[in-house]
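These are my notebook entries on a structure that I went through element by element. I set down what I looked up, in the order in which I looked it up.

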Amino acid sequence: MTQPLIESLRRAVAANPTDLPLRLHLAELLLDSGDQAAAIGELAAVLAIAPADQAAQQLMGRALGTPAEPAPSEPAGPGPAASEPAASEPAASEPAPDAPTRFDWSAAEEQLGIDVPPMFVGDIGPGNAGIGDAVFDLERPRLTLADVGGMAQAKQRLEASFLAPLRNPELRRMYRKSLRGGLLLYGPPGCGKTYLARALAGELQAGFVSVQITDILDQMLGTSERNVHELFQAARRAAPCVLFFDEVDALGQRRSQTRNSALRGTINQLLTELDGAEQDNDGVFVLAATNQPWDVDPALRRPGRFDRTVLVLPPDEPAREAILRHHLQHRPIAGIDTGRLAKRTEGFSGADLAYVTELAAENALLASVAGGEARPIGMADLESAVAGVRPSIGPWLETARNLVSFGEDDGTYAELRAYLKKAGRL
Amino acid sequence: MTDRSPVRQAEALIEASPAAAMRVLGPYLTTEPDDWRALCLAAQAQVGLDDPARALDYARRASQLNPHSDWPVRLQTIAHRDLGHSYDAQQLSRQSVLINPANWQTHLLVANADLAARSVNHHSLAAARKSRELAPAEPETHIVVGQVALDLGLKKEAVQAFERALQMAPDNAVARHELARAQLRRGRVGRALDGFLATGRLDPTIRQVRANLHNIIARVIQLLHYVVLAGCLLSPFDGPLAGALVVLAWLAALAWAGKRGGRPLLRVLAGVPRADPMLFGWAVALLGSSALLVLRGVLTLGKPAGTSAASPLSGLAFLLLFVGAACTWLRRARPPRVGR
């Protein structure tokens, strides 16, 4: 009775491999029928897609013979106890009754005999990814794209160019869409590129390593190249991992424009690592951000490298409102209409908005000192601050205008061109 | 990371990211304020960060700590130059030569300071040439020789120097831009246009490109202005011929602009009304004048020559040409704020 059902479920799963409840049901039936190996296979597939799925974890625990959770409601039956530990026998691996249930991966690895290499070599704490003397901070951002206010267009582009292919491996395989290559976030300074990169890492439930040029560049011959190699090695070990190169224009600047031999070597090494010629970059997602995309070496923009670009524009109205609220939330305020302020701050970057709130706070503070009585920040303070701040992205837009006016019209800056046209700057 | 001294780390970073170099040097200088090398690097980083006032401060302190080195003096020169203190920059550049005459950079700075002060003379050219003699493989020395020569009216030498720099570094946007400027001075508008457009592609941060493209458009409009003026003078005698001449001139100008400048030039043209209103006014006046001449040509078609010499259309066309000339004068008196 069960076997035909299992076969039928297997066919259904083969037709729709991302249907997790179906897979779980199949795994349960396999487990009930005693086919543990097959059940583990199905459960592993479920956990690869949804590592936090509790049902899958419990079933995996059952499949591996690990007590996943004590079942208090289930009465201790008088069944054959020969193969089961006595109820009173203390079990070292058993979780405390009120402890949160977690799948014991170590036990599973032990049972399966998988020799998992340590994520990090040396005496490096859990917060670092590194090899030898190279250490890079590994974060696990909890931020997701849902936490990023506004920026609908950038999020949409990220979804289309990066997240959708990643979340749908079957479709990706069907369309032969490769995951090779990185993503370049570009836009005016102070508009949240780094924040967005962090959110993307959180969305992918991946580790996040932010790389600064100071972590890499060294005057000593060959050291910078080695640092780049070690960085990628660390990321491969910590996969899934997002490697984020901030200010990539500094590290990956046009080789024709630099005399610094260390820098040239670094770019060459970066190209080698991005190509993954010697190592597999599976599970390593390379992101980069720059305010000056025109300074990035064209070789870095070729297919398989930073071939996807996302323009991160100054915050839109909802985002501006969210940013203003964020910067005002821990200050004494009264009668603030953030919506009205957001309307009046078109073209302001996140950093400009932060400065506006700083100025308003300064106004209120000075007025309090002069009046001898503390008063909250009011709408008038913020409005006068807005009037006194000019958007800082003007020079950037001027250069961007030259970039799209004189540069090759190969579609790389199509988003930027559309934005400048809409803003009446082209 | 490997154990690195902050000064060495800053040396590695300074070209790629002055901000990063400064992040390394800042804390170091609080503990080692008398390290003149670190102070020089900090000054250099501040120059890169467009903060010449701070650069000057660091360079002065470095110079006090090591008065025998030309490095802090050169940095002071650059800071003064960027601050617009032309006299100080010129004085200090000469002082740096006295300290280290074997260093090509000191001679280069003399020419550079003179260029910034707009007081180029044969001494500046000699300094630039000396610098090139000491470092012939540095494209920068050729560029400065070219810039000084161009300011002295030695256009041929300037072009040769820029071309040599470009042979050494084909992607050098400054050399490309300066060569285009030299070509424009020589009246080679087409080559100049190509050069400016190439500069814009190579380095969009060079703001003067747009202003120079406006100058090229102005040159073309000037040529058209002469043709329309000729048409105005001719029209009393042969209206249709004058009209045909004007139409042909406009068609030729548009065809040239479309073929040579392509889309980038069209984009620049689209920005002219807002960025350079006097140029736009000139073009509109010229267009109006041309239209009147064409209209007059059509109206006098088939009539014997010289029968309508005092046509009001010709007078109006002349008047519009004067309006255009006034726009040019105003444009020269108050240069547009394009790409500054």
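**Entry 1: the sheet of chain A**

I began with the sheet in this predicted model. In chain A I found an open sheet of five strands, in the order 4-5-6-3-7, with parallel pairing. I then looked up its edges: strand 4 (207-211) and strand 7 (308-311) of chain A each pair on one side only. Neighbouring strands of this sheet are turned against each other by 20 degrees on average, direction ignored.

For context I noted the make-up of the chain. Chain A has 18 helices and seven strands. It comprises 426 residues, of which 35% count as buried. I also checked its contacts between residues at least 6 apart in sequence: 71% of these join residues at least 24 apart.

**Entry 2: pairing around strand 3 and strand 6**

I followed strand 3 (residues 183-186) of chain A to both of its partners. Four bridges join strand 3 to strand 7 of chain A, and the two run parallel. Strand 3 of chain A is likewise joined to strand 6 of chain A by four bridges, again in parallel. Which residues are the bridge partners of Tyr186(A) in strand 7 and in strand 6 of chain A? In strand 7 the partner is Leu311(A), and in strand 6 it is Thr290(A).

I next took the pairing of strand 5 with strand 6 of chain A, which is parallel and extends over five bridges. Here I recorded Cys241(A) as standing opposite Val284(A) of strand 6.

**Entry 3: burial of strand 6**

How many of the seven residues of strand 6 of chain A are buried? I found seven of the seven buried, so the strand is largely enclosed by the rest of the structure. In a regular strand the side chains alternate between the two faces of the sheet. I therefore listed the residues of strand 6 of chain A by side, and both faces are covered. On one side Val284(A), Val286(A), Ala288(A) and Thr290(A) are buried. On the other side Phe285(A), Leu287(A) and Ala289(A) are buried.

I then looked for a helix over these strands. Helix 8 (residues 193-203) of chain A lies across strand 3, strand 4, strand 5 (241-245) and strand 6 (284-290) of chain A. Helix 8 runs at about 170 degrees to strand 6 of chain A.

**Entry 4: the contact between chain A and chain B**

I turned to the two chains together and found 31 residues of chain A in contact with 27 residues of chain B. On the side of chain A that touches chain B, the elements giving two or more residues are helix 9 (213-216), helix 10 (223-237), helix 11 (248-251), helix 12 (261-275) and helix 17 (394-406) of chain A. Helix 17 of chain A provides the largest share of this side, six residues. By class, I recorded 11 nonpolar, 14 polar and six charged residues on the side of chain A that touches chain B.

**Entry 5: a helix pair in chain B**

Two packed helices are described by the angle between their axes and the distance between the axes. I looked up both for helix 1 (residues 6-13) and helix 3 (residues 36-48) of chain B: the axes come within 10 Å and cross at roughly 25 degrees. That angle makes helix 1 of chain B roughly parallel to helix 3 of chain B. The crossing is left-handed.

For the residues that meet, I noted Val7(B), Ala10(B) and Glu11(B) in helix 1 and Arg37(B), Ala38(B) and Leu41(B) in helix 3 of chain B. The residues of this contact divide into four nonpolar, no polar and two charged.

**Entry 6: Pro72(B) and Val73(B)**

I closed with two residues of helix 5 (residues 70-83) of chain B, namely Val73(B) and Pro72(B). Are they buried or exposed? Pro72(B) counts as buried because it has 27 C-beta neighbours inside 10 Å. Val73(B) is buried as well, with 26 other C-beta atoms within 10 Å.

Leaving aside neighbours within four places in sequence, I listed the contacts of Pro72(B) as Trp36(B), Cys40(B), Ala59(B), Ala62(B), Ser63(B) and Asn66(B). Trp36(B) is 36 residues from Pro72(B) along the chain, yet their C-alpha atoms are separated by 8.5 Å. On the same basis, Val73(B) is in contact with Ser63(B), Leu92(B), Gln95(B), Ser96(B) and Ile99(B). I also noted that Val73(B) and Ala62(B), 11 residues apart in sequence, lie 8.8 Å apart in space, C-alpha to C-alpha.

Notes
Residues numbered from 1 in each chain as written. Chains lettered and ligands numbered in written order. Predicted model: local features only at pLDDT ≥ 70, side-chain atom pairs only at ≥ 80, totals over all residues. Buried ≥ 20, exposed ≤ 12 C-beta atoms within 10 Å, placed from the backbone. Contact = placed C-beta atoms within 7 Å. Pairing = 2+ DSSP bridges. Axes fitted to C-alpha atoms, helices over the stretch in contact; angles between N-to-C directions. Parallel < 35°, antiparallel > 145°, perpendicular 65-115°, else oblique. Left-handed = near helix turned anticlockwise from the far one by under 90°. Nonpolar A, V, L, I, M, F, W, Y, C, P; charged D, E, K, R; others polar.
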